[in-house]
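Hi there,

Here is the structure I promised to pass on to you. Have a look at it first, and then read my notes below.

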Amino acid sequence: MDEEYDAIVLGTGLKECILSGMLSVSGKKVLHIDRNKYYGGESASITPLEELFAKFNAPAPDETYGRGRDWNVDLIPKFLMANGLLVKLLIHTGVTRYLEFKSIEGSYVYKGGKISKVPVDQKEALASDLMGMFEKRRFRNFLIYVQDFQEEDAKTWKDFDPSTANMQSLYDKFGLDRNTQDFTGHALALYLDDGYLQQPAIQTIRRIKLYSDSLAKYGKSPYLYPMYGLGELPQGFARLSAIYGGTYMLDKPIDEIVLSEDGKVVGVRSGNEVAKCKQVYCDPSYVPERVHKKGQVIRCICLLDHPIANTKDALSTQIIIPQKQVGRHFDIYVSVVSYTHQVAAKGWFIAMVSTTVETNDPESEIKPGLDLLGPIRQKFISISDYYEPIDLGSQSQIFISESYDATTHFETTCLDVLKIYKRGTGEDFDFSKVKVELGEEDQ
Amino acid sequence: MATNRSGAAQRPNGAPQTKVCQFKLVLLGESAVGKSSLVLRFVKGQFHEYQESTIGAAFLTQTVCLDDTTVKFEIWDTAGQERYHSLAPMYYRGAQAAIVVYDITNQDTFGRAKNWVKELQRQASPSIVIALAGNKSDLAAKRMVEFEEAQAYADENGLLFMETSAKTAMNVNDIFLAIANKLPKSEGAGAAGAGGARRLADGEQPRPSSCCK
Ligand SMILES: Cc1cc2nc3c(=O)[nH]c(=O)nc-3n(C[C@H](O)[C@H](O)[C@H](O)COP(=O)(O)OP(=O)(O)OC[C@H]3O[C@@H](n4cnc5c(N)ncnc54)[C@H](O)[C@@H]3O)c2cc1C
Ligand SMILES: Nc1nc2c(ncn2[C@@H]2O[C@H](COP(=O)(O)OP(=O)(O)OP(=O)(O)O)[C@@H](O)[C@H]2O)c(=O)[nH]1
Ligand SMILES: [Mg+2]
């Protein structure tokens, strides 16, 4: 440990592991430390099942849960957008070769107390009970507009300037009603609240395009999920970092981040050892005095021995409950994975209900989500603070990631990583730095 | 019966229907015992006197042709994560074979190798095929681990055992071939059971299960 590094990365959550990989690939000498003896921090998948029960102080699971080691339960639920940033990072860095994925079978949205499939093509749109006859036609015109929309070609904007006009005015242009706006903004564009309505329409158009491009990739839904759980993702990027020379130390407590007189980081101390470095990259838990609380996220892990009603017995789904449907500011998300992803014993399902906390009684906030699940065999609730750094780290050279938000995909995660990389290195990540041989090895 | 450097599945004459089986093989052992050198010798037929500590290449494939079967090894090298005992569980996951390497000129590395074997027996799939490789056999003059001692240990634990030299190529192909022969090649053997799962970059079709016609 007593060496000098370009960068020391603290914590092996997904963001830190991607950063570590990108830094190593760029030729930096990286030391990557975690205080835990496992990879993943908050983005770990807990295994065996006994470990999960112990973590939440619950009595050990009985034999109906099958073999404990067949379970890998995520603490933070997220899916990958098939055409999203994380998939691009995985492919460009070659990390995808360590992983296998399955498509999420269906994406549902909650309306008037029940769930409906988010239509993925014209046929489904016509059959959908989300809209009436005339609304369907208007929605179709809207989708065609978005599909044909090209940012570089003003002709496709059709007398509408998407960089100045807001999204509300685009909805109004097509005469879409509140319900349609709701599922478009929340189940297609994946906004957490309604702030986007007053923002330039271009942002929402990009998101709907991401949704439909992702859908076009594999069909059933725009989402992918890794076999054995999300915990595989940080491990894959950690391996990338190690392949490019990164040094890994788990189970290593960090006692101090050592600063020079002018407040710039010079090293990291663990016991009597100090590793010198020029920069530190870390998650908020390593620097409580350098982050502030922005809010809270509630997540409820539910173990079920049956699929969710009205999803055609799907082995995986996402259900979005738009805020307005249940009188809230933020959406409630339900994500379901199961034994088919090697994250649960045969016959078992894991549903996760999550949202951004708005009241003093977060547990009752997620009730509409829990009510969709049917009988729940076991429930684990966690409420986590959501932190962001107090500064950008330019003076201290300590670059801190934001906590994982309530979104159910990785787009904000990747954007945070790319921003931090740029703050730390002063440049955008150059994907061509990943050695070509990496691709050629895979004959 | 030779290994096939092109990596493409070759079919012996007169046997048009060869079964292709894919297996994940992991390397374990102390730093500098020659793990990467063994892989480099096996996959590319090369040896570097000053092989750097593993950087940049830790995932290689190589194919071995048996009589009726083509065995494709997906070879995982540790990428140095073993240095501070920080190997990710992903590394072992689904591994159907392992080569535990020690350096015959260094007794400590043999002790470490025994620990790796213990961990494999405890943590890995019960059907994993484990081979023990006493590497750097070209340096017999500096030998610190007796052949008989290692052979006896291997016999006790049901391991394949050979002394190898990545430098002279002695027994390198042979140890992979011995593993290929010992691996179960029935339909679906060792498969993760992950029907329909896909690798993203590889043409986006579902990956064949580890053993398929
Ligand atoms: C050296 C070593 C160190 C490890 N360190 C860690 C660690 O630090 N943290 C960690 O989380 N994991 C660790 N592991 C465990 C490793 O991650 C597991 O082997 C892996 O998670 C299990 O996945 P698998 O796909 O290999 O399936 P395996 O469990 O290996 O098995 C494949 C198949 O064999 C069958 N099978 C396996 N075991 C049994 C059994 N006992 N009875 C009946 N059938 C069985 C199952 O049907 C399974 O589908 C370590 C493993 C090894 C070898
Ligand atoms: N004489 C001799 N030297 C060898 C042999 N195999 C490897 N070496 C040398 O031993 C050194 C270490 O070899 P590596 O292949 O890098 O060892 P490794 O186990 O992959 O090491 P790490 O990547 O650090 O874990 C290199 O200098 C090799 O040239 C061998 O069979 N004979
Ligand atoms: Mg090596």
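These notes cover confidence, one strand and its partners, and the cavities.

Please keep in mind that this is a predicted model. Its scores are ipTM 0.80 and pTM 0.85. In chain B, the average pLDDT is 81, and 78% of the residues score at least 70. The pLDDT is below 50 over residues 189-194 of chain B, a stretch with 15 contacts in the model beyond near neighbours in sequence. Residues 202-213 of chain B also stay under 50.

Now find strand β9 in chain A, residues 223-226. Y223(A) and Y225(A) point one way from this strand, L224(A) and P226(A) point the other way, and all are buried. Strand β9(A) pairs in the antiparallel sense with β5 (residues 80-81) of chain A over two bridges, and there M81(A) has Y223(A) as its bridge partner. Strand β6 (residues 101-103) of chain A also runs antiparallel to β9(A), joined by three bridges, with S103(A) opposite L224(A).

How many cavities of 30 Å³ or more does the structure hold? There are three. The largest has about 100 Å³ of space, and its lining includes Y225(A) from the strand you just found. Strand β16(A) gives the most to this lining, with three residues. By class, the lining has eight nonpolar, two polar and two charged residues.

The second largest cavity has about 70 Å³ of space. Among the residues lining this second cavity are L14(A), K78(A) and F410(A); K78(A) is also among those lining the largest cavity.

Enjoy exploring!

Conventions: Residues are numbered from 1 along each chain as its sequence is written. Chains are lettered from A and ligands numbered from 1 in the order in which they are written. This is a predicted model: local features need pLDDT of at least 70, side-chain atom pairs count only at pLDDT 80 or more; totals for chains, interfaces and linings use all residues. Side-chain values use heavy atoms; hydrogens and water are left out. pLDDT is the predictor's confidence in each residue, from 0 to 100. Contact means heavy atoms within 4.5 Å. Buried means under 20% relative accessible area, exposed over 50%, partly exposed in between (1.4 Å probe, protein chains only). Helices (H or I, at least four residues) and strands (E, at least two) are DSSP runs, numbered from the N terminus. Two strands pair if DSSP finds at least two bridges between them. On a 1 Å grid over the protein atoms alone, a cavity is a set of points where a 1.4 Å probe fits but cannot get out, and a pocket is an open set with protein on both sides within 12 Å along at least five of seven lines; lining residues have an atom within 4 Å of a point. Grid points are joined across faces, edges and corners, and a volume is the space filled by probe spheres set on the points. Ala, Val, Leu, Ile, Met, Phe, Trp, Tyr, Cys and Pro count as nonpolar, Asp, Glu, Lys and Arg as charged, and the others, Gly among them, as polar.
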